[in-house]
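Visitor: I've got a sequence and a model open on my screen. Could you walk me through it, one question at a time?

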Amino acid sequence: MKIAIMGAMPEEISPILEKIGSYKTTNYAGNKYYEASYKGIDLIIAYSKIGKVFSTLTAATMIEHFGAQKLLFSGVAGAISPTLKVGDLIVATKLSQHDLDITAFGHPYGYVPEGAVFIEADKQMIEMSKDVAKSMGKIVQEGIIATGDQFVANEDRKNWIGATFNADALEMEGGSVAVVCNALNIPFFILRAISDAADMDASFSFDEFLQTSAKESAEFVMNMVDKLAD
Ligand code: ADE
C-alpha cells in the first residue's frame, strides 16, 4: 500500500517529515517529493505550493508518477461556519470550486459540463476519522469545503461562498485535489485545521496560527495513517 500525504505549504508537511525522521528526497516537476517506509506502508509526501493548479499537479504526480493508492491532505483553512474557531479541525465530506463560474451559460456556480459542483471524499476514511478523533480526545467537525484561487479576507465574499455552496470552510487546494483523485479513482481524505475566519483580520490570523494549526492537522493525519497501517 502506498499512501500520499499532501499539503500546500512547507509548514503543512514539516511536522509529518519530522515524525517520520528519514526519507528519500526526489526532485520532480518543480517540487520535492519525500518517500519513506512507515509502519509497513510506503509513504509519498509533498507540499504542492498554494492554489488549485499546483495542487492538481502534485496530486496527479503522486498518483501517476509515484503510484499512490490513497491520498490524505493536511493543512489549514479559513472558517465560514461560526462553530469553527482557530485550531478546530474539519473533515471534508465533499468539496467544490467556489471560483469556477460559467453562470453566463446558465450553469450553477462551481459547475462545468461533464464535471460536478461537489465531489465526495472517501466515506471509509471519514468513518475512520471518527475513531481517530475519539482516540485522540478531539472533536472533529464534518462539513463542506469550498476551494478557490483566492485568499479570502472579506466577510461578503466569505458569506457568499457559505450561502452558495453551503460551505463550512474555505481554502485553496482541496477542490482540485478532489477532482484529480475522483478522476483517477483514488480514495481521498481532506483535513484542515482553522487558521482564520476569512474576514478582514484573516491575513494576520493566518500568519499567527499557520504553524500551530498546521501541526494540529498533521498530527491528526498521522494518526489516520497509523490506523491505515494497522
Ligand atoms: N487557507 C486558510 N485561510 C484561508 C483563507 N482565508 N482563504 C483561502 N485559503 C485559506
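**Pocket and salt bridges**

Guide: Let's start with one lysine: Lys-2 is buried, at a relative accessible area of 17%. Keep in mind that this is a predicted model.

Visitor: Which residue does Lys-2 form a salt bridge with?

Guide: Lys-2 sits in strand 1 (residues 2-7), and its partner lies in strand 3 (residues 31-38), so the pair ties together parts that are 33 residues apart in sequence. The closest N and O atoms are 3.7 Å apart, and the cut-off for a salt bridge is 4 Å. The partner is Glu-35.

Visitor: How many salt bridges does the count come to?

Guide: The rule asks for a side-chain nitrogen of Lys or Arg within 4 Å of a carboxyl oxygen of Asp or Glu. By that rule, the count comes to 12.

Visitor: Is Arg-192 buried or exposed?

Guide: Buried means under 20% relative accessible area. Arg-192 has a value of 1%, so by that cut-off Arg-192 is buried.

Visitor: What is the N to O distance in the salt bridge between Arg-192 and Glu-171?

Guide: Here the link joins distant parts of the chain, with Arg-192 in strand 10 and Glu-171 in strand 9, 21 residues apart. Glu-171 counts as buried too, at 5% relative accessibility. Their side chains meet with an N to O distance of 3.0 Å.

Visitor: Which residues are linked in a network of salt bridges with Arg-192?

Guide: Arg-192 also forms a salt bridge with Glu-173, with the closest N and O atoms 2.9 Å apart. Glu-173 is in the loop between strand 9 and helix 5 (174-183), 19 residues from Arg-192, and both are buried. The network links Arg-192 with Glu-12, Glu-171 and Glu-173.

Visitor: On to the ligand. Which residue has a side-chain N or O atom 2.6 Å from a nitrogen atom of the ligand?

Guide: A ligand nitrogen is 3.2 Å from a polar backbone atom of Gly-78, and one is 2.8 Å from a polar backbone atom of Val-152. Those two involve the backbone. The side chain you're after belongs to Asp-196.

Visitor: How much of the ligand's accessible area does the protein cover?

Guide: On its own, the ligand has 260 Å² of accessible area. There are 13 residues around it, made up of 8 nonpolar, 3 polar and 2 charged ones. The protein covers 96% of that area.

Visitor: Which element gives the largest share of the shell around the ligand?

Guide: Strand 5 (70-79), strand 9 (169-171) and strand 10 (188-196) each give two or more residues. The largest share is 3 residues, and it comes from strand 5.

Note on methods:
Residues numbered from 1 in each chain as written. Predicted model: local features only at pLDDT ≥ 70, side-chain atom pairs only at ≥ 80, totals over all residues. Heavy atoms only, no water. Near = heavy atom within 4 Å. Polar contact = N/O pair within 3.5 Å; in protein donor to acceptor, adjacent residues only side chain to side chain. Areas by Shrake-Rupley, 256 points an atom, 1.4 Å probe, with all protein chains shown as cover. Helix = DSSP H or I, 4+ residues; strand = E, 2+ residues; numbered from the N terminus. Nonpolar A, V, L, I, M, F, W, Y, C, P; charged D, E, K, R; others polar. Buried < 20%, exposed > 50% of the residue type's maximum accessible area, 1.4 Å probe, protein only.
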